[in-house]
Structures are given as C-alpha cells and as structure tokens.
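Work through the exercises below with the sequence and the model open. Each task is followed by a solution in steps.

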Amino acid sequence: MYRLVFLNGPFKGKRLAVQQGSVTIGRDPDCQVRVADDEISRKHAVIEQRADGTHVRDLGSMNGIVVNGQNCRESPIRHRDVIEIGRTRLQYLESGQAEERESRRIGHIQRLAFIAVVFVILLELAFLIRLSLWRKDALPPGSGGTSAATAAGTTDLLAEAEARLENMQRRQTDLEAPESAAPTQTATGVSQEIELLRADVQNIRQQVAELSETPAEPGPDTGIVAAAKTAAAPPPAETPAPDMPMDPFEKKALEMLKEGMTEITLSNYLRADQVFERIQIMAPDFLPAYIERARLYERRGLLAQAGEQWSEVLKRSIGTPLYNEAAAERIRISRAEVQQKAAAKADEKKGGEVTVRLSRRLSIAATEQEKFPQNDQFDEMRLLRVTLKSRGVDRDIDSQEIRVVVTFFDEDRDSREVGVTRAVVPKDALRVDGTWQPGAQQVVTAAYVVPRGFRNEELRKYSQARRYFGYLVQVYYRDELQDVDARPKTLLDKAGELQPPIHMGKPTPGARSQEVRVGTNAPAAVTSSETNSAR
C-alpha cells in the first residue's frame, strides 16, 4: 500500500491511498486517477508494483514524465519521490513510512493539546485565587454585607459560641458538685465568663435571624460570579449540519458552464461549444453541459447534433425526473429534423436550388502530437496532426478554400514569457489536398523542428533560454474562422492577437508549406494531408 499526494493543482493536498495493482494516470475516463491537466495525455503514465519495488512508466505520452527533476520514460520510485506528469506534481509515500510519520504527527498534536489543557487549568486557578483576594479586599469583616458568604460565616461563629457556652456550663457544674468545696473564686470567675458568652450567643442569634429575614442584595462579586457562570454555561444552540463538500470537478464544471453561457450571450457560439465540450470531457456525468450544448446546436440549426446531445442526457438520466424531459426533447428534435429533410426534398422536386448556409462549416475533430527522439540533425522534433470534419452538410465544401493556420509557441525558462517560436515551423497556412469526400475526415500535418545547436545560438543572439510550450490551431473556410484549438488552453487567448493570420495567401497547387529533411529514423516533417474514412 502507498499514497499519492497532490502537490499542486485543484486537488492540492489531497491524498490517494492505493492498495495494490497498477494505477493509470491521465485524462481518459478509464484512468484510475483522472487529472484535468491540458499537458497530460489521455493515458499518460502508469504506476506499477513489481517484485523489486514500485515503478512509474510512461505510456507513450508526448511530454513524458519527470521523477525528481529528471526526464525519463520509466523509473523506480521510492518514499518521498516527486513525480511530474504534465503540470501536475505528485509525491509518492510508502505506507509504512507514511503511517509512521502520521503517528508522529498525531503524537505531537496530542502533546500540544495536553500542554494547552494544563495551561487553561492554570489560568482558571489563577483567576479563582485572584477573585478570592479581590473579594477579601472589597468586603472586609464587619462591613454589614448581606451576601451568602457573610451569612454562612455568622452561622459558623454562632455554632462555635454555643459550643464554648456548653463547655463552660459543664465546667461550672463540675465545680459546683458535692464532692468539691464551697464555691471558690474560680467558680465565680467561670460564672462571669458564662454570662458573657450567653450575651454573645444571644447577639449572634439575633444577627442570624436578621440575615435570614433580609433578602440578599447583589454585591460586586455576585454580579461577577453570575456573569462568569452565564459565560461558562451558555444555553445549548442547535448548529446546522455542515454541507457536504462539492466535488472539485463539479465545481469547476459549474464555473465553466457560466463561462459558456456568457459566450452565448455574446454570440460567440464556437467558443461556447468548445467550453461545453471541455466540460463533457472533464465531467462526463455533468448533465447541464449536454442540455446547454443541445440548445446551442438547435439555435445554430444543427438538429442532428442537438439530437445526439439529448440522447446522451437520456442515457445518463435513467431513473431521474430529467429522463422524461429529455425524452420529450429528443422526440421534438427528431420531428423537426424530419420536417427539415422533407422540405429540402420538396424543393429539389420543384427544381429549386437548395442552399444550406451554415455559419460554421468545419470543426476540429482531434489534434494529436508525436515527439521524436533527438538525433545528430535536430535536438527536438514534434509532428502535429489536425483532423478536420464537417459540421453538417458537406457535399458542397470546396477543399481549396480551407486554410489551417498552426502557430507554435515557446516559453522563456527564466521569465516564463510565452511567445511565437523561432524554430523551424510552417510559414504559410496549411491546405487540404484533393476533394472533400462526404462523410470523410481530412488530416493536415505540421512539424516543429529545433535543429542541432539552435537553442544555444538563440541564447547567444537573444539572451533567452527558451523551450517548447504549445500550439494554436485556427481553421478557416473562405477566409471565415471555423474553429480554434490550443494546447494548453491558455493559448486560446492568443488567437485574437494573431488575427488576421499571417501568410494566409493561397499556396500554389502542389507546393508544400514546409519541407525539412530529418534523416531515415523519422518521417519527413512536411505539411501533408490525407483522408480518413468516417466510421
């Protein structure tokens, strides 16, 4: 058994206890540890327990893993080692070491609690001693106070005087016994003392009677004691039960949902769709994202996609009140879709020209990166594959009007400033070769190449030690922006700064946007396109 402790990110401070077996880390829903990190692959790494200890192994991710600051593909891990996966840092704690440390921490807390209790008791004793001294100074004997303490003292004095009187009477009886001689001077002295005691007893009895008849008036100490009792024993109050903590993914999903709704009010439908899609990837069971995305598709006239979203709601809301609402919406969308197709066929029979105009014709279906090991020609090389698909009717899409602008970014290691890279990258917009086949997906490829010694030359010339940071992809159709994607997502903010995109000119047929020879161990970093049949 071991523990994984998150050192940063939304789960910072949380601990995962792993009993046995392998643990897969990534963004995929099938991973045992799902992390919302744009720099983490869907299935990034796995932690395995073997006969020789625990190991962490990369699953072919683009960014790899870092153990104690060292890049690696596989490494044994020991107690207190730090694993970096993407931008997320985890600490590995072995069970025995972690429990021993936990017990030491609990023992330390118990000692502190004991010291605190002793300190509080000493404070209370000091307060009581101080209070008693103050009462003696404030209420001296014979001041006529009528408190309960004075009455008790007077009663004790009366009992003592009565006892002394009884002893003196017994002594007088002994002196007057027949065996003794005639009354002497001693007997006379005792009789006088008895008379004095009787007078004192009578006086004390009278004071006690007066105290019992007169109600006690609150003195200075009475109010303090009462206030102390009131403060020490407040009436019990009902405390509401604490709310259950919200799941971090659900909390983040709610924030992103508000962001998407804001984008809709600003008519930024494409950006809103991307926000809802990210919510579904991060929290697949968060149904409001599906509902709002379905309504967004319907507003844009994409009834098929809206129906798909309501179908997802149906599958995920079985047994809940939302199921009936989702079923009704799915039926309504299906009827509207049938009416739309019937109207289109009627126009075709009349010989009319049916033109379906959509505000957005294309979208980015997927982006995949592949990183190659360095060789004698380059220090770093990455290939980015961008898969395009149509949003609706695609029979009249002209592939020659499609332009894909890929911008790569580097980060300064010292200042953390992010800017457009100076490495070898496409200079012009990428284009799709051939004709657009209905139901097919088109793929364009861009390369990021850092030649051998380029970083040292860049440091000498610009005084900047830079490294790869990410990419931004912008898809245009007939010079109209269709879709945007970036990794990390923070680069989406750079899209506005790069418009209109540079080098949007249409390349000549057959020309390549980029061509770099990289040797026989890696594919040529050329801009290309290929067609994948839709499944």
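Helices and strands here are DSSP runs, a helix having at least four residues and a strand at least two, and they are numbered from the N terminus. By that numbering, Gln-274 sits in helix H6. The model is predicted.

**Exercise 1. The chain as a whole**

Task: State how many helices and strands the chain has, and what share of its residues is buried.

Solution. Step 1: the chain holds ten helices and 19 strands. Step 2: of the 535 residues, 36% are buried, where buried means under 20% relative accessible area. Step 3: turn to the contacts with a separation of 6 or more; 59% of them join residues 24 or more positions apart.

**Exercise 2. Helix H6**

Task: Check the length of H6 against the expected span, then decide whether the helix is enclosed or open.

Solution. Step 1: H6 covers residues 269-282, which is 14 residues. Step 2: the expected span is 1.5 Å times one less than the number of residues, so for H6 it should come to 20 Å. Step 3: the end C-alpha atoms of H6 are 20 Å apart, in agreement with that value.

Step 4: the buried residues of H6 are Leu-270, Ala-272, Asp-273, Gln-274, Val-275, Phe-276, Arg-278, Ile-279, Gln-280 and Met-282. Step 5: because ten of the 14 residues are buried, H6 is largely enclosed by the rest of the structure. Step 6: the packing partners of these buried residues are strand S4 (33-34), helix H5 (248-265), helix H7 (287-299), helix H8 (303-316) and strand S18 (480-487).

**Exercise 3. Two residues of H6**

Task: For Gln-274 and Arg-278, say whether each is buried or exposed, and which residues each touches.

Solution. Step 1: Gln-274 has 10% relative accessibility and therefore counts as buried. Step 2: setting aside residues up to four places away in sequence, Gln-274 touches Asp-483 and Val-484.

Step 3: Arg-278 is also found in helix H6. With a relative accessibility of 18%, Arg-278 counts as buried. Step 4: with residues up to four places away again left out, Arg-278 touches Met-256, Glu-259, Lys-489 and Leu-492. Step 5: Arg-278 and Leu-257 are 21 residues apart along the chain, and their C-alpha atoms are separated by 10.0 Å.

**Exercise 4. Leu-314 in helix H8**

Task: Classify Leu-314 as buried or exposed and list its contacts beyond four places in sequence.

Solution. Step 1: Leu-314 lies in helix H8. Step 2: a relative accessibility of 17% makes Leu-314 buried. Step 3: beyond its neighbours within four places, Leu-314 is in contact with Tyr-323, Ala-326, Ala-327 and Arg-330. Step 4: for one of these, Ala-327, the sequence separation from Leu-314 is 13 residues and the C-alpha distance is 6.5 Å.

**Exercise 5. The second largest pocket**

Task: Describe the lining of the second largest pocket, and explain where the pocket lies with respect to the domains.

Solution. Step 1: the second largest pocket contains about 1,000 Å³ of space. Step 2: it is lined by 28 residues, and those closest to its centre are Asn-63, Val-66, Asn-71, Arg-382 and Arg-467. Step 3: two or more lining residues come from each of strand S7 (65-67), strand S8 (70-72), strand S10 (81-85), strand S13 (378-390) and strand S17 (466-477). S17 gives the most, with four residues.

Step 4: by type, the lining has 15 charged, eight nonpolar and five polar residues. Step 5: the pocket lies between domain 1 (2-96) and domain 3 (362-494), because both give residues to its lining.

**Exercise 6. Backbone and loop details**

Task: Find where Arg-80, Arg-478, Pro-488 and Pro-10 are placed, and note the backbone geometry at Arg-80, Arg-478 and Pro-488.

Solution. Step 1: Arg-80 is in the loop between strand S9 (74-77) and S10. Its phi is near 75 degrees, positive although the residue is not glycine. At 43% relative accessible area, Arg-80 is partly exposed.

Step 2: Arg-478 is in the loop between S17 and S18, and its phi, near 55 degrees, is likewise positive in a residue other than glycine.

Step 3: Pro-488 is in the loop between S18 and strand S19 (528-533). The peptide bond from Arg-487 to Pro-488 is cis, with omega near -5 degrees.

Step 4: Pro-10 is in the loop between strand S1 (2-6) and strand S2 (15-18). Its relative accessibility of 65% makes Pro-10 exposed. Pro-10 and Asp-37 are 27 residues apart in sequence, with their C-alpha atoms 9.8 Å apart.

Note on methods. Residues are numbered from 1 along each chain as its sequence is written. This is a predicted model: local features need pLDDT of at least 70, side-chain atom pairs count only at pLDDT 80 or more; totals for chains, interfaces and linings use all residues. Side-chain values use heavy atoms; hydrogens and water are left out. Buried means under 20% relative accessible area, exposed over 50%, partly exposed in between (1.4 Å probe, protein chains only). Contact means heavy atoms within 4.5 Å. On a 1 Å grid over the protein atoms alone, a cavity is a set of points where a 1.4 Å probe fits but cannot get out, and a pocket is an open set with protein on both sides within 12 Å along at least five of seven lines; lining residues have an atom within 4 Å of a point. Grid points are joined across faces, edges and corners, and a volume is the space filled by probe spheres set on the points. Ala, Val, Leu, Ile, Met, Phe, Trp, Tyr, Cys and Pro count as nonpolar, Asp, Glu, Lys and Arg as charged, and the others, Gly among them, as polar. Domain bounds come from an automatic or database domain assignment.
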